[in-house]
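Here are some exercises to work through with the model open beside you. Try each task before you read its solution.

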Amino acid sequence: MIRRKTLALVSPIAIAFGLSGCAGVGGGNIPAANTPITQSEAQQGREYHTQLLQEFGGAMQGNTANYVRGVGQRIAVESGLARTPDAFTVSLLNSSVNNAFATTGGYVYTTRQLVTLMNNEAELAGVLGHEVGHVAARHAQRRQQTQQQNTLGGAAIAILSGILLGDSQLGSTLGRAALQGSQLLTLSFSRSQEEQADQLGVRYLSQAGYDPMAMSTVLESLARQSALDAQLQGRDNANLPEWASTHPDPASRVRDAATMAAGLPGTTLNRDVFLRNIDGLTYGDDPAQGVVEGREFIHPDLRFAFTAPQGFYLVNGSDSVSINGQSGQAELRVAQSSGSLTQFVSRAFQSLAGQGQSISPQIQTTTVNGLPAAYGIARANSGGNQLDVMVFAYDMGGGQTYYYQAIAPAGRSGVFTPMFESFRRISTAEANQVVPRVIDVVTVQRGDTVASLSRRMAYSTGQEARFRVLNALDSNEGLQAGQQVKLVVRGR
């Protein structure tokens, strides 16, 4: 998602992304696990809430959002953090990333993309219950007490394959921005804390009458989606999802959740109710935030497009677009214009270098597809590694400067040249051709098969694999007439 002005990055101590994360603030006396929300915690949650909504595309409204809110509030009450459902604020976020998290004070969030992957109400309750479990156990506060604030626990950020930027200013500036831009910046909890949150979530499911096995089935769907994403994007690492950042083996987490649920009461799934409430929900990118189509990114509202290099994949983030590959990484952002393009590029390099450091780029001006542009490239040492650092900026008019920040192994900066040269304005007609994908719940008819229904998926590649993961179907599992399934189609 590219917005018309660059937003301040959310502090990693304020947010922990994914099912392995929730938010809170360390310091002071931490309430015991499962004690009611304190006034101080409620105030902290309110302070984060507005920024979180802004960072993740805003809270959705309407029937689906109301349904998600109701399910989340009912499962949250089982935690004992508050006695009434309205003490919890549950938001459905307009984000295309599979993600869920919670902040202290009873604020719980899930993205619409994660909801579309679920197959019944119990799975929705399980995901939200897991996040409430982190809050109830005060995991974020306990972890932060042992860390220096405003750090990621001293862990290096891996940006390029085989290259660690470490704690250098260059690495923390570009690396952290790129990872957060793709919503992959995670404050991870320990394995024992994740297990406790799973246990609490399973308990809440059972207490509320839901089938407690739903925690295991939704984790399995997430693991399968992550593996499929890696395959479609040409990545080797299928264990990247935010929710499993502290779990190198997602399969073991699925088994553990099933073991936790064994013997517990609860049978409610509410599959039909769930599917009815998500029918028509946007799937993938919202055109208002820009869309990824293969290697192309197109923003119909802001009227621009570009193409990633061969072998790279795109992630549409909260305030940037990340371009990721084995031979480099980049991000595209927008900022208010200030001074000449040459001055803008120079300041961008200074920001990447950090205080007391310097990068000496050779800055040149040019024109790209009719747009005034300026760019620079410099050699930098980061964490003992030689890197090429690039900034490429375009004047789009209206006081807006669009710019790439990119890094590549020394001598390989040319990998991004085709992308820099592909940046262009798009016409009104081209913008109007961008149609969102949505969930379409259909009833299987006699003669329908996985293969025949998969051909209706609005993708040119991986149709059957996408269909099976979306509907939690095993590789050899078929369909029955009368069964309801989800398709991804172009919006009507």
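The exercises below deal with a predicted model, and each one comes with a worked solution.

**Exercise 1. Describe the protein chain as a whole: how many helices and strands does the chain have, and what share of its residues is buried?**

Solution. Start with the secondary structure, which comes to 15 helices and 19 strands. Next, take burial: 56% of the 492 residues count as buried. Then turn to the contacts between residues at least 6 apart in sequence, of which 69% join residues at least 24 apart. Finally, the accessible surface is about 19500 Å², with 46% of it belonging to carbon and sulfur atoms.

**Exercise 2. Find which residues touch the most other members of the largest nonpolar core.**

Solution. This core has 65 residues, and L124, F274, F467 and L479 are the ones that touch the most other members. Helix 4 (residues 121-136) gives the largest share of this core, eight residues. Now look around L124: beyond its neighbours within four places in sequence, L124 is in contact with Y67, V68, V71, V115, M118 and F274. There is also a second, separate core of 27 residues, with L302, L332, A373 and F423 among its members.

**Exercise 3. Decide whether D198 is buried or exposed, and trace what D198 touches.**

Solution. First locate D198 in helix 7 (residues 191-207). Its relative accessibility is 2%; the cut-off for buried is under 20%, so D198 counts as buried. Setting aside residues up to four places away in sequence, D198 touches H130, M215, L219, R253 and M260. With H130, the side chain of D198 makes a polar contact of 2.7 Å. As a last step, note the network of salt bridges that links E194, D198 and R253.

**Exercise 4. Work out the strand order of the open four-stranded sheet, and say which strands stand at its edges.**

Solution. The order is 7-8-9-17, and the pairing is antiparallel. Strand 7 (291-293) and strand 17 (424-425) each have a single partner strand, so one side of each is left without a neighbour in the sheet. Follow strand 7 inward: strand 7 pairs with strand 8 (residues 296-299) over three bridges. Within this pairing, E293 has E296 of strand 8 as its bridge partner.

**Exercise 5. Compare three salt bridges: R490 with E293, D319 with R333, and D388 with R379. Which of these residues are buried and which are partly exposed?**

Solution. The search of the whole structure finds 13 salt bridges. Take R490 and E293, whose closest N and O atoms are 3.3 Å apart. R490 lies in strand 19 and E293 in strand 7, so this pair ties together parts that are 197 residues apart in sequence. R490, at 36% relative accessible area, is partly exposed, and E293, at 29%, is partly exposed too.

Move on to D319 and R333, whose side chains meet at 3.3 Å, N to O. D319 sits in the loop between strand 10 (313-316) and strand 11 (321-325), while R333 is in strand 12 (residues 328-336). D319 is buried at 4%, and R333 is buried at 5%.

Finish with D388 and R379, where the N to O distance is 2.5 Å. Here D388 is buried at 3%, whereas R379 is partly exposed at 49%.

Note on methods:
Residues numbered from 1 in each chain as written. Predicted model: local features only at pLDDT ≥ 70, side-chain atom pairs only at ≥ 80, totals over all residues. Heavy atoms only, no water. Helix = DSSP H or I, 4+ residues; strand = E, 2+ residues; numbered from the N terminus. Buried < 20%, exposed > 50% of the residue type's maximum accessible area, 1.4 Å probe, protein only. Contact = heavy atoms within 4.5 Å. Areas by Shrake-Rupley, 256 points an atom, 1.4 Å probe, with all protein chains shown as cover. Core = buried A, V, L, I, M, F, W, Y, C linked by side-chain atoms within 4.5 Å. Polar contact = N/O pair within 3.5 Å; in protein donor to acceptor, adjacent residues only side chain to side chain. Pairing = 2+ DSSP bridges. Salt bridge = Lys/Arg side-chain N within 4 Å of Asp/Glu carboxyl O.
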